[in-house]
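User: I am new to this structure and would like a close look at a single part of it. Please take me through that part step by step, in connected prose.

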Amino acid sequence: MIGIAGAVLAVAVGLILFALNDQIVFFQSPTDIAEKAIPPGQRIRLGGLVEEGTVVRSDDANVSFKVTDTVNSVSVTYKGILPDLFREGQGVVTEGVIDARGVFVADNVLAKHDENYVPKEVAEALKQQGVWQGE
Amino acid sequence: MIVELGHYALVLAFALSLIQSVLPMVGAVREDSRLMAIAPPVSVALFVLVALSFAALTAAYLSSDFSVVNVWENSHSAKPLIYKISGVWGNHEGSVLLWVLILVFFGALVGFFGTNIPASLRAATLAVQSWVTAGFILFILATSNPFNRIAEAPLEGNGLNPILQDIGLAIHPPLLYVGYVGFSITFSFAVAALILGRLDAAWARWVRPWTLLAWVFLTAGIAMGSYWAYYELGWGGWWFWDPVENASFMPWLAGTALLHSAIVMEKRDALKVWTVLLAIFTFSLSLLGTFLVRSGVLTSVHAFATDPERGVFILVLLCLFIGGSLTLYAWRAPMLKQGGLFAPISREGALVLNNLFLTAATVAVFVGTLYPLALDVITGEKISVGAPFFNLTFGPLMIPLLIAVPFGPVLAWKRGDLLAASQRLYAAFGIAILACLFTLWLWGFERVMAPLGVGLAVWVMTGAMVEILTRVKLFEVGLSRGFARLKGLPGSAWGTSIAHFGVGVTVLGIVTASAFQEERILTMKPGDNVELSGYELTFDGVVPRKGPNYREDVGHFTVRTGGTIVEKMEPSKRLYTARQMPTTEAAIMTSWFSQLYLSLGEGRDNGAVDVRVYFKPLVTLIWIGCMIMAFGGLVSIADRRLRVGAPKPARRATPSPQAAE
């Protein structure tokens, strides 16, 4: 009995450790991406503001825009429906990988639930750049 | 005036809960029946006071009294009635008040109906329940008072967040809270039993109906929340492993484990120490969930409060209750005598296995939910743990558990025979293999895991039916005798089978909806067609429309199969005028158990619009399965009520057990 229990727990711990090593996604700001060499193909979360005047929509629900922290910016492409509160000049978090050309290919653009809400990571990244407007 | 009365009632309730915290406990320890006797009436009085307070806040919402800060911030005079009511708990202060209301409601239930529970245990339980109550009322009064006034009342309110203006969300929080907070009573029972040093099979029998009740509501509440997210957020996903979802899922997993271990304790007087620990853990996870959701540690639709003072207050309560109960446990648990012994292959053994996997899964979800927070605090590194983590940890832990589910109920207590049990399950196994092959034939070898998943789901479903059939011996005694035996089966046997069947149904829905879903994302101009899973959709154009408190652009789509029109679908983009906030309203067409899901994206200048279409085979089974599970729980409660007279009005006991089935 105890043997089985031990085995189950060992498997569970093993799974958790393996998954924590492999399946977590780091949050990066555009400046992080400019400074660190993030290998293409590694999943990351990119957050910042949607740069004004960069949103371009094309056929088949493709859209491209730039995410900026006002110092650096990264081009992002996405195919799909953007969240309701996606706006130029507003905070956004996208998840995906950087491709060989250095363009961030997002497969997930995070919805905000409320017009007052700025993703916490974005707020902190902006504070680091000294451009945070909120409280 | 009414608002002040509500505030006053809450202050009174606080004072009363302090008295309730002390006197009955002293009475229970000293065996003083006069002191113990105050507990039941006070528990009812507490409920009445908090209910009055809640009613006062509701009245303020109904009359749109914007001189109350809470109403002004979260309501609007043009809002439909139902959302004025649901607005009461659609914000931080009101939702905590609802939390406390349910807390005292469970106390009152025990006070009023728990007449079969020994007086000392009942008094001590109600006292412990009052510790929690006092803590949370103080939290409201000190940091989150919903009755605060504004000096100069504004003319109009801010309105409720539009995505919360939905019938699903009107019922989801109360259901979830009844489940969440319902575990408080199990916790109080556990702590009371530890203090009194009395813990036996009878204790498990008293506690199990309460656990079941909480579990039933939590199951329904989680399912409701999931369905809401599915159709309201417009992404077509039904579970996101969002920390807030996990916060409700962890108590569910632990509570499910608790239900099963309590059976062992009740029937065999074994696993006592473990069951009590689970009771403490389950409610601790509920408290943790409340902390995560209410403290603003997580940013999500649920995090109304971002006031650090509140977070610290809940954190202190959390540490007090969890730390205190675990300390008590460490001190008293070694005194508990271990009961019946059993062989590893037995009903008990199966239930222990269930507990092992469920707790391991809880730990996996716990780590995935809290690791990012801990890492942020310790290193400042920002990470996110999403679906891939949970699929890799939670998934593999569920598979062996699901394989084992049908074995449990057919194994004998004490010492079971695995071979005999397997023989009973031959038929179920055969059907599962057939289902597997059928899926393979239907979809080919494209996705190998999916047919196995379908087989697993069918195995759980048929296994649940086998259990009932073997108990009835339908094939041996003939149909008419068998039917009579079927009716004579105890509710708990039915409950187990129904709930296990529901698990299978949910798994089937999850497997088919994730593996065989078809998705198209495209930009459509009026007149464009798109074909998907045998349906042909035509986009007819976008027409503006006006609702009670919103404007919307409605996309018109015609759905055809084989040239004949089957449905007109109207997904829309809404703009709620009060908050100037846009939302996406998906259109869903249900055909049998499958759904066609359509949501709109941004419109273009030339009348074209981005469209996302899904076909989700058997997706509704996910929620139907949950409802079946909850129903199984109810059936089981009904049985317990008749046999042990747990939560029931003594006078209206049904005379014969058959009548209820």
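Which domains does the domain assignment of chain B give, and which residues belong to each? Please then look closely at domain 2 of chain B, and at what surrounds it.

Analyst: This is a predicted model, and the domain assignment of chain B gives domain 1, made of residues 405–514 + 621–648 + 656–660, and domain 2, made of residues 518–616. The C-alpha centres of domain 1 and domain 2 of chain B lie 39 Å apart.

Turning to the strands of chain B, one finds an open sheet of four strands in the order 2-11-10-9, with antiparallel pairing. Its edge strands are strand 2 (518–524) and strand 9 (587–591) of chain B, each of which pairs on one side only. Neighbouring strands of this sheet are turned by 15° against each other on average, with direction ignored. Strand 2 of chain B is joined by seven bridges to strand 11 (residues 609–616) of chain B, and these two strands run antiparallel; among the residues involved, B:Glu518 has B:Phe615 in strand 11 of chain B as its bridge partner.

Strands of this sheet also take part in the contact between the chains, to which chain B gives 39 residues and chain A gives 33 residues. The elements of chain B that give two or more residues to the side that touches chain A include strand 2, strand 10 (594–603) and strand 11, together with strand 8 (581–585) and helix 14 (387–404). Helix 13 of chain B gives the most to that side, with seven residues.

Helix 13 of chain B therefore deserves a description of its own: it covers residues 347–379, has 33 residues and reaches 46 Å from its first C-alpha to its last, close to the 48 Å expected at 1.5 Å a residue. The same helix 13 of chain B bends by about 35° at B:Leu370, and a proline, B:Pro372, follows within four residues. Just after helix 13 of chain B, B:Gly380 takes a positive phi of about 80°.

As for confidence, the predictor gives the complex an ipTM of 0.83 and a pTM of 0.90, while chain B has a mean pLDDT of 86, with 93% of its residues reaching 70 or more. Some stretches call for caution: pLDDT stays under 50 over residues 300–305 of chain B, for which the model has 18 contacts beyond four places in sequence, and also over residues 645–661 of chain B, for which the model has 24 such contacts. Where pLDDT is low, the predicted coordinates should not be read in detail.

Conventions
Residues numbered from 1 in each chain as written. Chains lettered and ligands numbered in written order. Predicted model: local features only at pLDDT ≥ 70, side-chain atom pairs only at ≥ 80, totals over all residues. Bend = angle between axes of the 7 residues up to and from the residue. pLDDT = per-residue confidence, 0-100. Contact = placed C-beta atoms within 7 Å. Pairing = 2+ DSSP bridges. Axes fitted to C-alpha atoms, helices over the stretch in contact; angles between N-to-C directions. Domains from an automatic or database assignment.
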